[in-house]
Amino acid sequence: MLQGSLIIVAFVIIAALMMTKKIPTLLALPLMAVVICIIAGVPAVGVDADGNSIGWLQTVVENGTVRMGSAIMAVVFGAWLGQLMNKTGVTENIIKKSAELGGDRPLIVTLIMVVACAVLFTTLSGLGSIIMVGSIVLPILISVGVPSMSAACIFLMAFTCGLTFNIANWKTFSSLFNLDIEQIKGFEIYMLVATVIATLILVFVEFKRNGVKFAFSAPVSEPNPTKQLTGVRGGLAMLTPLIPIILVAVFKVPVCPAFMAGIIWILVFTAKSFSKAMNTLVKTCYDGITDGGPAIILMIGIGILYLAVTHSMVKEVLNPFLLAVIPSNKIGYIIFFSLLAPLSLYRGPMNLFGLGSGIAALVIGLGTLSPLAVMGAFLAAERIQGCGDPTNTQNVWTANFAEVDVNGITKKLLPYLWAVAVIGVVVSAFIYF
């Protein structure tokens, strides 16, 4: 009992250090893993009766660095494709041609921007892509009369809609929950519908509240010249974001080969010569790895923490605590996870890119809830983290660019995101119990 209490205290202390930004998440996760192992009495080195290693240096730290290997490679190839879309002008053309479709109607321009962003972020990832897309979309929204705070919130909600169907994320969640990617996709469809509805409500509420005209505005400005993609080749190049999704969702192609196909597709329809295509391919590969670096380091920490909390000696210590608080019936499940969903903020215990990765593994290990039910609860909470967490780089950059308070964004979005999370929990309860 003492060991379990000490582990809970360690969780709280390290979580507080993360929330107050005393230590970064990429350091906090492996630190927490080591502390948990030490408290649970796991030796640093050692073998069991059968000669298998049980020491945390090997089974947790060493093995944990590659635990998320397949998800890490999905991030690399996804970021590579994202950089290709940015460098070849595909991203910029999709956004600006979408804006042209809206003409002088602010509401239509805004809705088209939402769709364009959502489609782009099914493939794009990383802060570089956020900056690329946001630096075009936000001025367009503001130029048609949308206030800066509203524009920032709409952009982040549109980004979150796309993130729901980002197949690199699917791969990450598949690794975390030990589920097939099809099972992740099946639940994310429900989350996409709920997120889209919340985004549309946000747009109409903000237009009504701020008195934005629905059918007239000044012409949309063209701040920078666009690298034009024209003709059939240009049109096919702009289909790039859909290629990996179709291959994975429809033809069941593995994630990394699907991204590779997207890379080949965009090169074929944008390259002017073989040598230029090869130069672009190499440069965007390096840039993509740089762009995906923060996520990759975080996934290494997640892998280490995952193996720490699933170590047999740690589970023996923690299981009695979790059995006492984790609900095992449908109503309790809905109330418990609906109320706790905001704890995904600040890398909290429901945050799959923070403490939640370890806690989810522990809950699955109890056996009181199915892995699918645990997945549904944590992916529902992920809506709040992905869009509303003020510690996200995308939130910080968007707030700075739009010249608004990042915590103000969280306050405005939280009611919408919490509602989406509750819907996700309810749906999960009814389809996985």
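**Entry 1: Arg383 and Glu382**

I started with Arg383, which forms a salt bridge with Glu382; their closest N and O atoms are 2.8 Å apart. I checked burial next, and Arg383 and Glu382 are both buried. A reminder to myself: this is a predicted model.

**Entry 2: the other salt bridges**

How many salt bridges does a search of the whole structure find? I got eight. One of the things I noted is a network of salt bridges that links Lys87, Lys283 and Asp287.

I then looked inside helix α10, residues 181-210, where Lys185 and Glu182 sit three residues apart, about one turn of the helix. Their side chains meet in a salt bridge, at 3.2 Å from N to O. Is Lys185 buried or exposed? Its relative accessible area is 13%, so I put Lys185 down as buried, the cut-off being under 20%. Glu182 has 27% and is therefore partly exposed.

Helix α10 came up again with Glu206, whose side chain meets that of Lys412 in a salt bridge of 3.4 Å, N to O. What does this pair tie together? Glu206 lies in α10 and Lys412 in helix α20 (residues 406-432), so the bridge ties together parts that are 206 residues apart in sequence. I also looked up accessibility for both: Glu206 counts as buried at 3%, while Lys412, at 21%, counts as partly exposed.

**Entry 3: the nonpolar core**

I moved on to the largest nonpolar core, which has 151 residues. Which residues have the most contacts inside it? My list reads Met113, Val133, Phe177, Tyr333, Phe378 and Leu413. The helix that gives the most to this core is α14 (residues 274-309), with 13 residues.

I picked Phe177 for a closer look. Leaving out residues up to four places away in sequence, I found that Phe177 touches Ile184, Leu352, Ala360, Ile364, Pro371, Val374, Met375, Phe378 and Leu379. Phe378, one of these partners, is also on the list of residues with the most contacts in the core.

**Entry 4: α7 against α19**

Last, I looked at a helix pair. The axes of α7 (residues 127-143) and α19 (residues 393-402) come within 10 Å and cross at roughly 30 degrees. The crossing of α7 past α19 is right-handed. From α7, I noted Leu127, Ile130, Ile131, Gly134, Ser135, Leu138 and Pro139 in the contact; α19 brings Thr393, Gln394, Trp397, Thr398 and Phe401. How many charged residues take part in the contact of α7 with α19? I found no charged residues, alongside seven nonpolar and five polar.

Terms used. Residues numbered from 1 in each chain as written. Predicted model: local features only at pLDDT ≥ 70, side-chain atom pairs only at ≥ 80, totals over all residues. Heavy atoms only, no water. Axes fitted to C-alpha atoms, helices over the stretch in contact; angles between N-to-C directions. Helix = DSSP H or I, 4+ residues; strand = E, 2+ residues; numbered from the N terminus. Left-handed = near helix turned anticlockwise from the far one by under 90°. Contact = heavy atoms within 4.5 Å. Nonpolar A, V, L, I, M, F, W, Y, C, P; charged D, E, K, R; others polar. Core = buried A, V, L, I, M, F, W, Y, C linked by side-chain atoms within 4.5 Å. Buried < 20%, exposed > 50% of the residue type's maximum accessible area, 1.4 Å probe, protein only. Salt bridge = Lys/Arg side-chain N within 4 Å of Asp/Glu carboxyl O.
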